[in-house]
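Biologist: Thanks for sitting down with me over this one. Could you take me through it, one question at a time?

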Amino acid sequence: SKPEENIQRHYDELDRLDDSERERLASNADNERDIFKQVDAMVRTIQILGQLLKNFPGSLTATEKIHIVEDGFNLGLRGLSFMMQAFEEGRDELIEFVSERVARRYGKDANDEELRRRVRSGLFWLVRLNVFGMIKLISHGVGAKGEENTYRKVVTQMDTNAAKLIEVSIGLDTLKIPRRRILELHNEFKEDIFNKHLLASLVARHLYLFDAPNNIKDELCKRLGIEVQQIDRIDAVLGEHSKRV
């Protein structure tokens, strides 16, 4: 079959997915499992968009590529925004719930400030882990080699921190360390603890999984505050996970 026919078939599948999901969500609006269906639909849609970009790069115009990447970015970021909003709305209740359970378990006062500080810190880590996962999901979904100009145009148009982190993640996923861009964002995020941590986590993960020139590795670790112990902790977590599997 011709590339144009393959592309149309993918678009038709995407349309059917959207129609089917809308019907299911409309008929099960009060079902709490709808959120999982929406997440599943989001992931599958991002994957379909990514396959269009990866499988038919020569058959797509520059404008079509930009639209595909924009759709993938926006869909994932809407999911991320929903997740962050849900956490923000229930944050105080969640802190109260966890503090009470921890206090009961260890015979502490649930109102102890140090306990609550540790709970808040743990929840911050949990949120960061989920955001990190969403960034990797989007970059794995729509990331493709040789499309750097497409990503740069989309990120420039969107001009959000999340989009910038996805761009870096895609660069790392395609095994090209975007050193200059990483250092630019590190400087841009110097007063933004959350995004600075995310950037360092993306780089640390890559340095653990893949080889990198020692001079670049040393520079990034020094500039981003990544310690060898941090990469060792990644090793420990992955090793413990493999034991359980």
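Biologist: Let me start in the middle of things: does Ser169 count as buried or exposed?

Modeller: Happy to, and please keep in mind that this is a predicted model. Ser169 lies in helix H6. The cut-off for buried is under 20% relative accessible area. With a relative accessibility of 0%, Ser169 counts as buried.

Biologist: Which residues is Ser169 in contact with, leaving aside its neighbours within four places in sequence?

Modeller: Two of the contacts are polar ones between side chains. Ser169 is joined to Lys136 by a polar contact of 2.8 Å, and to Ser139 by one of 2.7 Å. Beyond four places in sequence, the contacts of Ser169 are Ile135, Lys136, Ser139 and Leu202.

Biologist: Lys136 came up there. Which residue forms a salt bridge with Lys136, and which helices does the pair tie together?

Modeller: The closest N and O atoms of the salt bridge are 2.8 Å apart, and the partner of Lys136 is Asp173. Asp173 lies in helix H6 and Lys136 in helix H4 (residues 113–142), so the pair links parts that are 37 residues apart in sequence. The partner is therefore Asp173, and the helices are H6 and H4.

Biologist: What relative accessibility does Lys136 have?

Modeller: It helps to look at both partners. Asp173 is partly exposed, with a relative accessible area of 24%. Lys136, in contrast, counts as buried, at a relative accessibility of 7%.

Biologist: Which residues do salt bridges with shared partners join into one network?

Modeller: Glu167 is a good place to begin, as its place is in helix H6 and it is buried, with a relative accessible area of 13%. Leaving aside neighbours within four places in sequence, Glu167 is in contact with Arg152, Val155 and Arg181. The network that shared partners build is made of Arg152, Glu167, Arg181 and Glu184.

Biologist: How many salt bridges does the structure hold?

Modeller: Besides those we have met, Arg120 pairs with Glu113, the closest N and O atoms being 2.8 Å apart, and Arg120 is partly exposed at 36% relative accessible area. Arg101 pairs with Glu100, with the closest N and O atoms 3.7 Å apart. In that pair, Arg101 is partly exposed at 36% and Glu100 is partly exposed at 32%. The number of salt bridges in the structure is 16.

Biologist: Which residue has a positive phi although it is not a glycine?

Modeller: Most residues other than glycine have a negative phi. The residue you are after sits in the loop between helix H5 (148–158) and helix H6 (161–173), and it counts as exposed at 53% relative accessibility. Its phi is about 50 degrees, and the residue is Asp159.

Biologist: Which residues form a nonpolar patch on the surface?

Modeller: One member, Trp125, has its place in helix H4 and is partly exposed, with a relative accessible area of 48%. Together the members have about 300 Å² of accessible area, and they are Trp125, Leu126 and Leu129.

Biologist: Stepping back to the whole chain, how many helices and strands does the protein have?

Modeller: From the N terminus on, the elements run α-α-α-α-α-α-α-α-α-α. That comes to 10 helices and zero strands.

Biologist: What share of the 245 residues counts as buried?

Modeller: The accessible surface comes to about 15,100 Å², of which 50% belongs to carbon and sulfur atoms. Among contacts between residues at least 6 apart in sequence, 69% join residues at least 24 apart. Of the 245 residues, the buried share is 36%.

Biologist: One last point for anyone planning calculations: in which helix is confidence lowest?

Modeller: The protein averages a pLDDT of 80, and 78% of the residues score at least 70. pLDDT stays under 50 over residues 28–32, which have three contacts beyond four places in sequence, and also over residues 237–245, which have two such contacts. Confidence is highest in helix H7 (residues 179–188), at a mean of 95, and lowest, at 49, in helix H10 (residues 228–244).

Key: Residues numbered from 1 in each chain as written. Heavy atoms only, no water. Helix = DSSP H or I, 4+ residues; strand = E, 2+ residues; numbered from the N terminus. Buried < 20%, exposed > 50% of the residue type's maximum accessible area, 1.4 Å probe, protein only. Contact = heavy atoms within 4.5 Å. Areas by Shrake-Rupley, 256 points an atom, 1.4 Å probe, with all protein chains shown as cover. Salt bridge = Lys/Arg side-chain N within 4 Å of Asp/Glu carboxyl O. Polar contact = N/O pair within 3.5 Å; in protein donor to acceptor, adjacent residues only side chain to side chain. pLDDT = per-residue confidence, 0-100. Patch = residues over 30% accessible without salt bridge, like charges linked within 9 Å, V, L, I, M, F, W, Y side chains within 5 Å.
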